[in-house]
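Subject: Structure handover and notes

Dear colleague,

I am passing on the structure we talked about, together with my notes on what turned up when I went through it. Please read the notes with the structure open beside them.

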Amino acid sequence: MNAKQNSAFKQLSWQFLQQNYDYVWLHTMLRKANSVSANNATLITGSSLALNGIQENLWKNATNCSMHSQDFYYDFLCARKVITSASIGRRFKRCFIVVAYYNAYSDLSRSTIYRTNWIPRIYAPIFQDTHNWKDPDKYELWSAFEAVPEKVRLDCEKIAEKEMLKLGTYYNSLRKRGSIFDLKGRKWWELTEEGLSLGIMRSEGHNKGFQRYCESAEENQEILNDYVHFLHLHDIMPILVIPPFTPVYKQYVKREIRDNMIQMVDRVPEDVHYVDFNDGSIFGPEDFVDTDHLSEKGARKMSAILVEMFGA
């Protein structure tokens with residue numbers, strides 16, 4: 001391969017990475033976790049709260065297999081794939097499940113708004129599993145490119161994975177950490193009245209979801225029970241974490257949503273550690289990028305506390 005061809009090959013790999021960033025992230029992290037080379041490793045699953053709230057390098061050996069809108073079902077699929085595929089003699093000591101209160105009743109496969117963004121583009125290619133979505137949309141990872149030979153695709157995907165490993169974390173020089181809202185260049189802590197209205201809007205959206213999807217809670221209870229049981233079978237400590245939320249979000253989100261999560265954890269037959277960072281007030285406005293996602297500073301703070309509580 002001459003220099004011109006090599007340059008074109010690398011460029012195509014980068015384009016694939018940028019076009020399919022979330023797929024490459026999760027696929028790469030799952031492969032990384034499969035090949036963990038030491039005992040006492042840490043596995044992280046969860047939603048965007050874990051992507052924002054976990055700083056992996058505070059642990060000696062941690063892999064973050066989280067993704068936006070990930071629910072208990074896909075959390076468990078990630079953990080099961082990793083743990084059952086890990087080499088003999090290599091094991092994880094702890095598994096963090098980082099979720100929000102509303103995850104007690106959320107089911108990505110039943111969400112007509114969000115499932116099209118994640119299931120065909122990430123979970124179907126990785127797991128060939130669309131959960132309760134019986135007639136899923138189709139998506140081709142290479143659809144944005146002109147005809148590319150299969151061997152070139154495979155080689156480009158391997159290069160993309162290597163580049164993701166170099167980047168190390170989900171938020172990096174290629175993917176900047178940001179708010180779910182358009183803050184017009186401002187920081188969350190710089191907002192006053194507008195921050196209040198955004199907090200009310202965000203919490204009310206989750207309140208409506210609670211009323212609409214509460215029928216998923218029963219299935220999620222079974223999934224969480226199985227998840228925790230699976231971890232115990234492999235001598236892995238289950239730790240369910242609720243990251244901190246801003247005061248305005250906590251004020252307006254329904255109390256039943258929080259209570260439902262607590263009750264779900266209480267009903268798990270086996271031991272599971274439960275950490276809710278909303279029971280205290282050690283996080284300030286600068287620790288957030290929006291109503292319910294941590295900034296880099298907030299992520300360092302929460303991760304350091306988890307290391308202190310459960311080891312590195």
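Ser111 is a buried residue in this predicted model, since its relative accessible area is 11% and a residue counts as buried under 20%. The residue sits in the loop that runs between strand 3 (92–98) and helix 5 (115–127), and a polar atom of the Ser111 side chain lies 3.3 Å from the backbone nitrogen of Tyr114. If you look for Lys208 from there, you will find that Ser111 and Lys208 are 97 residues apart in sequence and 13 Å apart in space, counted from C-alpha to C-alpha.

A second loop residue that I would like you to look at is His68, which is placed between strand 2 (62–64) and helix 4 (72–85). His68 has a relative accessible area of 16% and is therefore buried, given that the limit for that label is under 20%. Its side chain makes a polar contact of 2.9 Å with the side chain of Tyr170. When neighbours within four places in sequence are left aside, the residues in contact with His68 are Asp22, Ser48, Leu51, Trp118, Tyr123, Tyr170 and Tyr171.

Helix 4, which follows that loop, is mostly covered, with ten of its 14 residues buried. The buried residues are Phe72, Tyr73, Tyr74, Asp75, Phe76, Leu77, Cys78, Ala79, Val82 and Ile83. As for its length, 14 residues at 1.5 Å a residue should span 20 Å, and the C-alpha atoms at the two ends are indeed 20 Å apart, which agrees.

Helix 6 (residues 150–167) has 18 residues, and the distance from its first C-alpha to its last is 26 Å, close to the 26 Å expected at 1.5 Å a residue. In this helix the buried residues are Cys156, Glu157, Ala160, Glu161, Glu163, Met164 and Leu167. These residues cover an arc of only 165° around the axis, which puts them on the same side of helix 6. The face turned away from that buried side carries exposed residues, namely Lys151, Lys158, Lys162 and Lys166. Just after helix 6 comes Gly168, which takes a positive phi of about 85°.

Helix 10 (residues 255–266) can be described along similar lines. Its twelve residues should span 16 Å at 1.5 Å a residue, and the C-alpha atoms at its ends are 17 Å apart, which agrees. Within helix 10, Ile257, Arg258, Asn260, Met261, Met264 and Val265 are buried. Seen down the helix axis, the buried residues fall within an arc of 155°, so they line one face of helix 10. Arg255 and Asp266, on the other side of helix 10, are exposed.

Two further residues deserve a look for their backbone angles. Gln128 is not a glycine and yet has a positive phi, of about 50°; the residue belongs to the loop between helix 5 and helix 6, and its relative accessibility of 62% makes it exposed, the limit for that label being over 50%. Asp235 is likewise not a glycine and has a positive phi of about 55°. Asp235 is found in the loop between helix 8 (217–233) and strand 4 (237–242), where its relative accessible area of 59% places it among the exposed residues.

Finally, here is the chain as a whole. The chain has eleven helices and five strands. Its radius of gyration is 20 Å, close to the 20 Å that the globule rule gives for 312 residues, so the chain is as compact as a globular protein of that length. Taken along the principal axes, the C-alpha atoms fill a box of roughly 60 × 50 × 40 Å. Of the 312 residues, 54% are buried, and among contacts with a separation of 6 or more, 78% are between residues 24 or more positions apart. The chain exposes about 14900 Å², of which carbon and sulfur atoms supply 49%.

With best wishes

Technical notes: Residues numbered from 1 in each chain as written. Predicted model: local features only at pLDDT ≥ 70, side-chain atom pairs only at ≥ 80, totals over all residues. Heavy atoms only, no water. Helix = DSSP H or I, 4+ residues; strand = E, 2+ residues; numbered from the N terminus. Expected span 1.5 Å × (residues − 1). Buried < 20%, exposed > 50% of the residue type's maximum accessible area, 1.4 Å probe, protein only. Arc of directions from axis to C-beta. Rg over C-alpha atoms; globule rule 2.2 N^0.38 Å. Contact = heavy atoms within 4.5 Å. Areas by Shrake-Rupley, 256 points an atom, 1.4 Å probe, with all protein chains shown as cover. Polar contact = N/O pair within 3.5 Å; in protein donor to acceptor, adjacent residues only side chain to side chain.
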